[in-house]
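Colleague: I would like to go through this structure with you. Please give your reasoning with each reply.

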Amino acid sequence: MTKLTVIGCGYLGAVHAACMAQLGHEVVGVDVDEPKVELLASGRTPFFEPGFEEVLQSAIGSGRLSFTSDMAAARGATVHFVCVGTPQKRNEYAADLAYVDAAVAALAPHLAPGGLVVGKSTVPVGTARRLADAITEVTPGALLAWNPEFLREGLAVQDTLHPDRLVYGLPAGADGEQARKMLDEVYATPLADGVPLVVTDYATAELVKASANSFLATKISFINAMAEVCEASGADVVQLADAIGHDGRIGRRFLNAGLGFGGGCLPKDIRAFMARAGELGADQALAFLREIDSINMRRRVRMVDLAREVCGGSIVGRRIAVLGLAFKPNSDDIRDSPALNVAAQMQLQGASVVVTDPQAVENAQRKWPDLRFAATAEEAATGADLVLLLTEWDQYRSLDPAAFGVVVAQRRMLDGRNALDPAAWRAAGWTYRALGRP
Ligand code: UGA
């Protein structure tokens, strides 16, 4: 058992704290946001994440997990995870490191020699080296490791307890050996379960995270580029993805064409990566990511154009129903959500848009109060001239086209996620259109 603090109790930190307590460690979650601290301490979650509330409550019940806004709590622990956010800077591609810098500055005076700071936030390469120097300046003998996180929203608990791999970015020499020992103890359970471990230097560990997200973004934009060509040539991108996905070297996962990627990670991470490469004089190496970003953003525009086309040339005054607002299913996260972006664009262009989502309505309402919100798909679609499926929640995938057709004014479905069976919808009298399909 190790005594841990987890600094920053957002998506990553809250889940990490609860899961580490679940593994048997004694954990204090630290966050500057008092209401969030109180909420978590009472066993309630600030966001929707399947399975998380159960783990949180069980960890609190075990007496091994608590939350505070007082950084002095770090004095009781030996390993300190830094899990604060690194959002995109306003009007710039680069990541904003203000929260990371503030967290480390607040933590450093409470460290003991031999104490280990473990960075989990997604940061530009070079950050760990700089932070290690800042920490040892305040507390000589304190250590730093970089241990990037690969959890997916919607699968956060599973990804934290059973990750695909663990990466330790360590300093050289005896410090590195000491840090590794401490991390091995923290992750004893997943390591015993056979989770692969890759030990690297700081820079490589930082780059592993940036390149993993860039690869995923590239895979999605690749298939969406194929969707554009399919649209131009009358081919079917879903069949194409199935066919190339059988090649084990390519693989079918993350090859779903549609509205593209959003969320709090992929879009800002590829931009921050490009910005950092520019600073390092390696901008040419990542020039392709600009194209990945453009392909992705074009899908949103194309979706609105398709809506206009299906409505006969104009969406002004049309009643349009949007199913899905979260950036992906099983999440209430609307950060850079393609679905919300398309809904808002159509509203701004004069359509009368009614939106719904199983979990993200409250968050979307705060951001776009001008949209009209409905509790269910049926309510949103009542009287609609056009329905758009933009986030592929299971309940939308399994809609019955015949029964659903009764509530709408016009049976027109635009499937922004290639989640429905075109034949079944057409058989029920719907005009069915999707991105990248005839
Ligand atoms: C992503 C990575 O997948 C995680 O490994 C990483 O840890 C995380 O970012 C992070 O940096 O913290 P997440 O943002 O939860 O995780 O979402 P993804 O599951 O990667 O989905 C991203 C977006 O891509 C969603 O909008 C999704 O709808 C879209 N997507 C995904 C597609 O358009 N097509 C696909 O085939 C797959």
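Modeller: One definition is needed before the loops can be named: helices (H or I, at least four residues) and strands (E, at least two) are DSSP runs, numbered from the N terminus. Keep in mind also that this is a predicted model.

Colleague: Where is Asn91 found?

Modeller: Asn91 is not a glycine, yet its phi is positive, near 60°. As for its place, Asn91 sits in the loop between β4 (79-82) and α4 (98-107).

Colleague: Does Asn91 count as buried or exposed?

Modeller: The cut-off for exposed is over 50% relative accessible area. Asn91 has 82% relative accessibility, so it counts as exposed.

Colleague: Where is Phe254 found?

Modeller: Phe254 is another residue that is not a glycine and has a positive phi, about 60°. At 37% relative accessibility, Phe254 counts as partly exposed. Its place is the loop between α10 (237-245) and α11.

Colleague: Which residues come nearest to the ligand?

Modeller: There are 21 residues around the ligand. By class, this shell has ten nonpolar, four polar and seven charged residues. Those that come nearest are Phe150, Leu151, Glu153, Asn213 and Phe327.

Colleague: How many Å is an oxygen atom of the ligand from a polar backbone atom of Glu153?

Modeller: Several backbone atoms can be compared with ligand oxygen atoms. A backbone N or O atom of Phe150 lies 2.9 Å from an oxygen atom of the ligand. For a polar backbone atom of Leu255, the distance to a ligand oxygen is 3.3 Å. For Glu153, the distance is 2.8 Å.

Colleague: What percentage of the ligand's exposed area does the protein bury?

Modeller: The starting point is the ligand taken alone, which exposes 710 Å². Of that area, the protein buries 90%.

Colleague: Which element gives the most residues to the shell around the ligand?

Modeller: The elements that give two or more residues to this shell are α9 (202-233) and α11 (266-279). With four residues, the one that gives the most is α9.

Colleague: Between which domains does the ligand lie?

Modeller: The reasoning rests on where the shell residues come from. Both domains give residues to the shell around the ligand, so the ligand lies between domain 1 (3-200) and domain 2 (201-438).

Colleague: How many residues apart are Arg335 and Glu153?

Modeller: The side chains of Arg335 and Glu153 meet in a salt bridge, with N and O 3.1 Å apart. Arg335 is in the loop between β9 (319-323) and α13 (338-348), while Glu153 is in the loop between β6 (143-146) and α6 (156-161). The pair thus links distant parts of the chain, and the separation in residues is 182.

Colleague: Does Glu153 count as buried or exposed?

Modeller: Its partner Arg335 has 43% relative accessibility and counts as partly exposed. Buried means under 20% relative accessible area. Glu153 has 9% relative accessibility, so it counts as buried.

Colleague: What is the distance in Å between the closest N and O atoms of Glu231 and Arg302?

Modeller: Glu231 takes part in a salt bridge with Arg299, 3.2 Å from N to O. Arg299 lies in helix α12 (residues 287-310) and Glu231 in helix α9, so this pair ties together parts that are 68 residues apart in sequence. Glu231 also forms a salt bridge with Arg302, and there the distance is 2.8 Å.

Colleague: How many residues apart in sequence are the parts tied together by Glu231 and Arg302?

Modeller: Glu231 lies in helix α9 and Arg302 in helix α12. The pair therefore ties together two parts of the chain, and their separation in residues is 71.

Colleague: Which residues are linked with Glu231 in a network of salt bridges?

Modeller: A search of the whole structure finds 25 salt bridges. Some residues are linked through them in a network that includes Glu231. The others in that network are Glu228, Glu291, Arg298, Arg299, Arg302, Glu309 and Arg433.

Colleague: How many Å apart in space are Phe215 and Gly262, C-alpha to C-alpha?

Modeller: Phe215 is placed in helix α9, and Phe215 is exposed, with a relative accessible area of 60%. In sequence, Phe215 and Gly262 are 47 residues apart. In space, C-alpha to C-alpha, the distance is 15 Å.

Definitions and conventions. Residues are numbered from 1 along each chain as its sequence is written. This is a predicted model: local features need pLDDT of at least 70, side-chain atom pairs count only at pLDDT 80 or more; totals for chains, interfaces and linings use all residues. Side-chain values use heavy atoms; hydrogens and water are left out. A residue is near a molecule or strand if one of its heavy atoms lies within 4 Å of it. A polar contact is a pair of N or O atoms within 3.5 Å; within protein, one must be able to donate a hydrogen and the other to accept it, and residues adjacent in sequence count only if both atoms are side-chain atoms. Accessible areas come from the Shrake-Rupley method with a 1.4 Å probe; for residues, only the protein chains shown count as cover. Ala, Val, Leu, Ile, Met, Phe, Trp, Tyr, Cys and Pro count as nonpolar, Asp, Glu, Lys and Arg as charged, and the others, Gly among them, as polar. Domain bounds come from an automatic or database domain assignment. A salt bridge is a side-chain nitrogen of Lys or Arg within 4 Å of a carboxyl oxygen of Asp or Glu. Buried means under 20% relative accessible area, exposed over 50%, partly exposed in between (1.4 Å probe, protein chains only).
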